[in-house]
Amino acid sequence: MKILEASNYEGMSRKAANIISAQVILFPRSVLGLATGSTPLGIYRQLIDWYQKGDIDFSHVTSVNLDEYCGLGPDDSQSYRYYMNTNFFRHINIRTENTFVPDGLAEDFEEECRRYDERVSALGGIDLQLLGIGETGHIGFNEPDDTFDKMTHQVALKQKTIEANSRFFKSPDEVPQYALTMGIKAIMQAKKILLVANGPKKADVLEKALFGPVTPEVPASILQLHPDVTVVADSEALRVIH
Ligand code: F6R
């Protein structure tokens, strides 16, 4: 595992964007696993900037997102599909038909989960997976549990996650209680993983994930077993190495 420290959020975003842009420049047909949330916003802004300057071409890239809230569709401003479209896809030349996010409005969530796993396999897996980390230690929405969930599945969000994500909603009551998330297997099968974190709120969980025991109680701890993980974090989140 490589750990890269940045002095602040902008530095973290630039270093992480550099890793993604190198992947796309060297392998234009890459399958990128993408994440939402606050942490990657600066990365997407940086990549858009480099795209606008003519430095990166996304026309052959395919993307698969980690997760989506159950019950929210693409037009809902809180859905992850809406987030991806407005914060990234709309500003670059990725082809919309090559971008995949689980369908939060699917009639049959089990079927949607199966379909999503098949999609990821049909693409040959993920070349570079971008991950944030939740305060519960979740990656995607793989919440703490007794076992690691391998496949895409529906998950009941932990109260802490609902509270953390309520900042995007008018009140915690509006945060969906369920989500669909890619499982640990697809994440761990990604050829490369890029985990990003910033701010003091992530310091405890990052310490557990990177240096604690590998346990489904801290889902991100499984990344210790992956052969090619780069962690890019600011100094507040990386308190443990100081
Ligand atoms: C989002 C996702 C989540 C977030 C995590 C951190 O697609 O999969 O695991 O990465 O909740 O969120 P932020 O970045 O908002 O702290």
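This report describes a predicted model, moving from its sheet to its core, its ligand shell and one buried helix residue.

## The sheet

In this predicted model, seven strands form an open sheet, and their order across it is S1-S10-S9-S6-S2-S3-S5, with parallel pairing. The edges of the sheet are strand S1 (2-6) and strand S5 (99-100), each of which pairs on one side only. Strands of a sheet pair through backbone hydrogen bonds, either parallel or antiparallel.

At the edge formed by S1, five bridges join this strand to strand S10 (residues 229-234), and the two run parallel. Within that pairing, Ile3 has Val231 in S10 as its bridge partner.

## Strand S2 and its neighbours

Strand S2 (residues 31-34) sends Val31 and Gly33 one way, while Leu32 and Leu34 point the other way, and all of these residues are buried. On one flank, S2 pairs in the parallel sense with strand S3 (residues 62-65) over four bridges, and here Leu32 has Ser63 of S3 as its bridge partner. S2 also pairs in the parallel sense with strand S6 (residues 128-131), over two bridges, and in this pairing Gly33 stands opposite Gln129 of S6.

The connection from S2 to S3 involves helix H2 (residues 41-52), and the three elements together make a right-handed β-α-β unit.

## The nonpolar core

The largest nonpolar core holds 64 residues, and those that touch the most other members are Ile20, Ile133, Leu194, Leu195, Val196, Leu206 and Ala233. For Leu195, once residues up to four places away in sequence are left out, the contacts are Leu131, Ile133, Leu223, Val229 and Val231. Among these contacts, Val231 is also the bridge partner of Ile3.

## Around the ligand

The ligand is surrounded by 14 residues, of which Gly37, Ser38, Thr39, Gly132 and Gly134 come nearest. By residue class, the shell around the ligand divides into eight polar residues, five nonpolar ones and one charged one.

## A buried residue in helix H5

Asn165 lies in helix H5 (residues 159-165). This residue counts as buried because it has 21 C-beta neighbours inside 10 Å, where the cut-off for burial is 20 or more. Measuring from C-alpha to C-alpha, Asn165 and Asp149 are 22 Å apart in space, and they are 16 residues apart in sequence.

Note on methods: Residues numbered from 1 in each chain as written. Predicted model: local features only at pLDDT ≥ 70, side-chain atom pairs only at ≥ 80, totals over all residues. Near = placed C-beta within 6 Å. Nonpolar A, V, L, I, M, F, W, Y, C, P; charged D, E, K, R; others polar. Core = buried A, V, L, I, M, F, W, Y, C linked by C-beta atoms within 7 Å. Buried ≥ 20, exposed ≤ 12 C-beta atoms within 10 Å, placed from the backbone. Contact = placed C-beta atoms within 7 Å. Pairing = 2+ DSSP bridges. Right-handed = clockwise from strand over helix to strand, strands pointing away.
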